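Please walk me through how the side chains of this protein pack against one another, beginning with a charged group and an aromatic ring.

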Amino acid sequence: GKLSKPEFFNFAAHYREEIERAMYEKASEELDLDKDGTLSREEVEKNLATWDIDGFPQELERVRNLEKEKFKIADADGNGKLEGEELVNMYGHGVSDQVMEAEAKSVMESKDLDKDGKLNQKEFWYDYLRPEEDHEEEPYDRNETFHSLDGNGDGFIDMHELKMWEGGYFFLEDAIDKILIMADKDEDGEATFQELADAWHDIELSGVQLPLKGIIVRALGEHEADGRASEL
């Protein structure tokens with residue numbers, strides 16, 4: 001069979017979520033001070049107290065407040081401790097829709113200089129933590145990236161679009177677009193496993209192979225997938 005772009009995206013998003021779950025389903029030993037296998041609000045706040053953003057107290061306050069809000073959202077049973085799925089929702093990138101919403105809202109409030117509830121291109125790229133010259137070596141075109149993220153083409157980034165950016169889904173879709181360009185030889189907008197496997201070398205060189213590995217893992221199994229990737 002063939003995979004359409006939406007099917008490819010759903011497959012890749014699911015694989016990425018599995019990776020996040022494996023990484024965060026257990027409490028970090030560094031943060032779990034009492035070694036009870038959970039993260040308490042007090043343990044998280046003690047860690048936040050060690051954070052520092054030299055010269056930018058306002059940004060430090062923002063990220064600390066965001067982490068506290070994420071804890072509140074993730075603490076589904078309200079017992080003041082995170083474990084299992086709650087940890088995944090707190091720390092897993094793009095896993096919890098509510099956490100992504102909180103992240104996007106925090107970024108919007110910090111960058112929306114004219115307070116119109118959306119970001120123009122200057123506001124979107126504004127980052128007072130980094131001098132403008134530091135952006136010269138970025139591996140993407142800012143104008144092209146902004147217009148690609150601006151899904152409704154109104155010249156602004158709204159909350160939904162910002163949530164896709166903060167949750168990493170924009171980059172996932174961009175990676176899939178690049179993969180399909182390299183693999184879809186008959187240009188029908190879909191790709192077979194064989195087309196993906198044949199294009200693996202070019203895909204790997206481009207650095208966008210993560211979504212594809214999920215397909216190979218499902219098709220061949222974890223052990224064989226690693227071998228197939230190394231062969232290709």
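In this predicted model, the charged end of Arg16 is placed over the ring of Tyr169, 4.5 Å from the centre of that ring. Tyr169 is itself buried, since its relative accessible area of 14% falls under the 20% limit. Tyr169 also forms an aromatic pair with Phe9, a tilted one with 6.0 Å from centre to centre and 45 degrees between the planes. Because Phe9 belongs to helix α1 and Tyr169 to helix α9, this pair ties together parts that lie 160 residues apart in sequence.

A further aromatic pair, Phe124 with Phe146, is edge-to-face, with 5.9 Å between the centres and 65 degrees between the planes. Here the partners come from helix α6 (residues 121–125) and helix α7 (residues 142–149), so the pair ties together parts 22 residues apart in sequence. Both Phe124 and Phe146 are buried, and ring pairs join them with Trp125, Trp165, Phe170 and Phe171 into a cluster. Elsewhere, a second charged side chain meets a ring face: Lys118 lies over Phe156, at 4.2 Å from the ring centre.

The nonpolar packing can be followed next. The largest nonpolar core has 17 residues, of which Phe8, Leu172, Ile176, Ile179, Leu196, Ile203 and Val208 touch the most other members. Helices α1 (5–24) and α9 (169–183) each supply at least two residues of this core, and α9 gives the most, with 8 residues. Apart from this core lies another, of 12 residues, which includes Val107, Phe124, Leu149 and Trp165; of these, Phe124 and Trp165 also take part in the ring cluster described above.

Technical notes: Residues numbered from 1 in each chain as written. Predicted model: local features only at pLDDT ≥ 70, side-chain atom pairs only at ≥ 80, totals over all residues. Heavy atoms only, no water. Core = buried A, V, L, I, M, F, W, Y, C linked by side-chain atoms within 4.5 Å. Buried < 20%, exposed > 50% of the residue type's maximum accessible area, 1.4 Å probe, protein only. Helix = DSSP H or I, 4+ residues; strand = E, 2+ residues; numbered from the N terminus. Phe/Tyr/Trp six-rings, centres within 6.5 Å; stacked < 30°, edge-to-face > 60°. Lys NZ or Arg CZ within 6 Å of the ring centre and 35° of its normal.
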